[in-house]
Amino acid sequence: MFGYVLANEAHLSKEEHSRLRGFYCGLCRTLKSRYGFSGQLTLSFDMAFLAILLSSLYEPETGERTVRCAVHPKQRHVAFSNAAIDYGADMDIALFRHKCLDSWRDERSLPGLGMQKLLARGYAQVQERWPRQCNAIGDAMERLCTLEKENCDDLDALCSCTGDMLAEVFVWQEDRWSDSLRAMAHALGAFIYLMDAYEDLERDAKRGAFNPLQRRKGDPDFEESCRDMLTMTAAQCAAAFETLPLVDDAGILRNTLYSGIWTKYECIRQKAMKAGKEKLDGQ
């Protein structure tokens, strides 16, 4: 669920990089102040991206502090604070808690169980503040779990679970931008689910775990088909994104949606090509 919404930092300007870091550090500090060290462990760029998106769209009053942190103790840097960052922190807790719960349920992951318990109190606060979003996350995860247990190979149904979940997470408040945000997030959720399945294909095969792409792996056009599906969902996401009246930090957001989200795909392809070459050289 996490780790696919990334910026391509090599293609950001110095100013954009500083702004990106300001939001990311601001999210980290907010997680710590609201939920302690366990809250900081949920930190993700995914929700930093959401905070940037909502800040650009709604333009909340934003504070700015120069701080040091344990990761960068010698270098002072800017950290932003605003209501959109607060919301992103809450959604980080909600999403990570359900991810841990899913890990425990599916894999009997003890770290997942432990982290889920550590986040219980914080999650209760988030659930009280944002019941629609938390209910949507829980419902989507339950539907996805059921479909995967049934070995469902309907990619649209599987992708819609993650899409429906992110659609509600991205809608901070019901207003005239809700439809565009839902459409954007639904497509992004589908992209994330497909990318996750693509990345985990070999690992899931070795473990005998469910993967919706497993049955398609032997198709002669498998790689092309995967690329086409990812391209289609990314294009749908970008099309909805472009309907939003965004000015501030639009460069960071476009960098992420047009380039950054493909970073993992390129890494996976390069790794596969290297493994294939090594296999041929060893014969």
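These are my notebook entries on a predicted model, taken from the chain as a whole to its core, one helix and one cavity.

**Ground rules.** I number residues from 1 along each chain as its sequence is written, and I use heavy atoms for side-chain values, leaving out hydrogens and water. Because the model is predicted, local features need pLDDT of at least 70 and side-chain atom pairs count only at pLDDT 80 or more, while totals for chains, interfaces and linings use all residues.

**The chain.** I looked up the secondary structure (DSSP runs numbered from the N terminus, helices being H or I of at least four residues and strands E of at least two), and I found twelve helices and two strands. Along the sequence I read the pattern α-α-β-β-α-α-α-α-α-α-α-α-α-α. Of the 283 residues, 49% are buried, where buried means under 20% relative accessible area with a 1.4 Å probe and protein chains only. I then took contacts (heavy atoms within 4.5 Å) with a separation of 6 or more, and residues 24 or more positions apart account for 71% of them.

**The core.** I next looked for nonpolar cores, meaning sets of buried Ala, Val, Leu, Ile, Met, Phe, Trp, Tyr and Cys residues joined through side-chain atoms within 4.5 Å. The largest has 86 residues, and those with the most contacts inside it are Leu53, Phe170, Met184 and Leu213. Helix α8 (residues 178–199) gives the largest share of this core, 13 residues. Setting aside residues up to four places away in sequence, I find that Phe170 touches Phe49, Leu50, Leu53, Leu54, Leu181, Met184, Ala185 and Leu188.

**Helix α6.** I checked the span of α6 (residues 131–149), taking the expected span as 1.5 Å times one less than its number of residues; its 19 residues should therefore span 27 Å, and its end C-alpha atoms are 27 Å apart, which agrees. Among its buried residues I list Gln133, Cys134, Ile137, Gly138 and Met141. Just after α6, Asn151 takes a positive phi of about 55 degrees.

**The second largest cavity.** I count a cavity as a set of points, on a 1 Å grid over the protein atoms alone, where a 1.4 Å probe fits but cannot get out, with lining residues having an atom within 4 Å of a point. The structure holds two cavities of 30 Å³ or more, and about 30 Å³ of space lies in the second largest. Its lining is Leu194, Tyr198, Leu213, Cys226, Met229 and Leu230, and α10 (222–241) gives the most, with three residues.

How values were computed: Buried means under 20% relative accessible area, exposed over 50%, partly exposed in between (1.4 Å probe, protein chains only). On a 1 Å grid over the protein atoms alone, a cavity is a set of points where a 1.4 Å probe fits but cannot get out, and a pocket is an open set with protein on both sides within 12 Å along at least five of seven lines; lining residues have an atom within 4 Å of a point. Grid points are joined across faces, edges and corners, and a volume is the space filled by probe spheres set on the points.
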